[in-house]
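Subject: A structure for you to look through

Hi,

Here is the structure I promised to pass on to you. Please open it beside this email and follow along as you read.

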Amino acid sequence: MFDFTEIDRLNKFFKSLLEDQFLLVYIEDRVVKKEGDKNTDDNHLHLFKITKSRSSIFEKITSVDALDDVKDEIKNAYKGFSDNFLDYFDRVDGELKQKHRKSFEIIEKMIKSRAKKLSNTVEKFGIEGAWGVSKMQEEFYFSVQKNLEDILDNLLPTISTGMRESNAYNGVLNCLNEFLSKLGVYTLDIDMNKECDYNTISPQNCEDCETDDGSKKDMIKELISYPYVLNEEQVIMEGKVMLWKVVHNG
């Protein structure tokens with residue numbers, strides 16, 4: 001049997017050379033698994049995890065002037081996300097297959113269109129009456145949360161699907177994760193075979209989740225996507241899982 005160890009070593013060497021020395025991106029196609037194959041996402045789901053590295057950006061709102069500063073910080077963070085993606089797209093464009101280039105173009109349009117929506121939300125937000133600091137933080141969060149959820153809801157499926165075929169989408173995810181991290185957004189870990197926390201998780205339909213083990217009622221069978229939060233009380237977007245469904249035979 002042929003030993004692929006040396007080829008794998010050379011691939012890693014050229015990847016390092018291109019990315020570290022020449023600031024290029026080494027694009028690698030992946031074997032596409034058929035729909036319904038087990039563990040389809042196991043090879044990349046961990047890349048979506050964001051470790052909590054800073055406090056929520058909304059906690060910086062301690063006064064009216066601070067609110068204006070946070071507005072600017074959010075807009076600048078999103079502009080940085082957009083610029084980073086465009087720079088990355090430009091670097092990998094020549095290596096992308098046609099179908100992935102079209103996918104990147106769709107991502108580009110989505111990022112630009114959401115920039116206008118986010119900017120409008122941030123700029124139009126105003127204080128009503130004699131709001132205190134907590135009220136300002138809460139109301140501004142609720143306004144911006146809808147935009148962030150919309151961005152995630154539109155980007156994550158495209159990135160996840162693309163990752164099954166090419167590592168080019170890893171760079172897109174890195175740009176997104178960096179933006180979210182700047183706002184204080186992070187992902188919650190999900191423990192398999194534990195009860196579902198319906199405050200942060202949304203169960204999805206499952207055709208292969210039946211069991212006659214009564215102890216698995218409401219237990220998580222499979223993780224589809226992580227919950228994105230600012231803290232456990234401020235959920236940007238619920239995670240998605242499949243739950244065991246207890247059935248009684250006989």
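Start at tryptophan 244, where the charged end of lysine 216 sits over the ring, 4.2 Å from its centre. A second lysine does something similar: lysine 221 also has its charged end over the ring of tryptophan 244, at 5.4 Å from the centre. Please keep in mind that this is a predicted model, so every value here is computed from predicted positions.

Now for rings that meet other rings. How many aromatic pairs are there by the ring-pairing rule? The count comes to 13. One of them joins phenylalanine 81 and phenylalanine 179, whose centres are 5.5 Å apart with 15° between the planes, and the pair is classed as stacked. Planes under 30 degrees apart count as stacked, which is why an angle of 15° earns phenylalanine 81 and phenylalanine 179 that label.

Which parts of the chain does this pair tie together? Phenylalanine 81 belongs to helix 2 (residues 64-92) and phenylalanine 179 to helix 5 (residues 168-183), so the pair links parts that lie 98 residues apart in sequence. Are the two rings' residues buried or exposed? Phenylalanine 81 is buried, at a relative accessible area of 2%, and phenylalanine 179 counts as buried at 2% as well.

Helix 2 also holds another pair to look at, phenylalanine 85 with phenylalanine 89. This pair is tilted, with 5.9 Å from centre to centre and 40° between the planes. Phenylalanine 85 and phenylalanine 89 are 4 residues apart in the helix, so about one helical turn separates them. Both phenylalanine 85 and phenylalanine 89 are buried.

For a bigger group of rings, try selecting Phe58, Phe125, Trp131, Phe140, Tyr141 and Phe142, which form one aromatic cluster.

Finally, zoom out to the whole chain. Its secondary structure comes to 5 helices and 8 strands. Reading from the N terminus, the order is α-α-α-α-α-β-β-β-β-β-β-β-β, so you can follow the helices in your viewer before you reach the strands. The chain has 250 residues, and 40% of them count as buried. Among contacts with a separation of 6 or more, 74% are between residues 24 or more positions apart. The accessible surface comes to about 14,900 Å², with 48% of it belonging to carbon and sulfur atoms.

Enjoy exploring, and write back with any questions!

Best wishes

Methods:
Residues are numbered from 1 along each chain as its sequence is written. This is a predicted model: local features need pLDDT of at least 70, side-chain atom pairs count only at pLDDT 80 or more; totals for chains, interfaces and linings use all residues. Side-chain values use heavy atoms; hydrogens and water are left out. Rings of Phe, Tyr and Trp (its six-membered ring) pair if their centres lie within 6.5 Å; planes under 30 degrees apart count as stacked, over 60 as edge-to-face and the rest as tilted. Helices (H or I, at least four residues) and strands (E, at least two) are DSSP runs, numbered from the N terminus. Buried means under 20% relative accessible area, exposed over 50%, partly exposed in between (1.4 Å probe, protein chains only). A charge sits over a ring if NZ of Lys or CZ of Arg is within 6 Å of the ring centre and within 35 degrees of the ring normal. Contact means heavy atoms within 4.5 Å. Accessible areas come from the Shrake-Rupley method with a 1.4 Å probe; for residues, only the protein chains shown count as cover.
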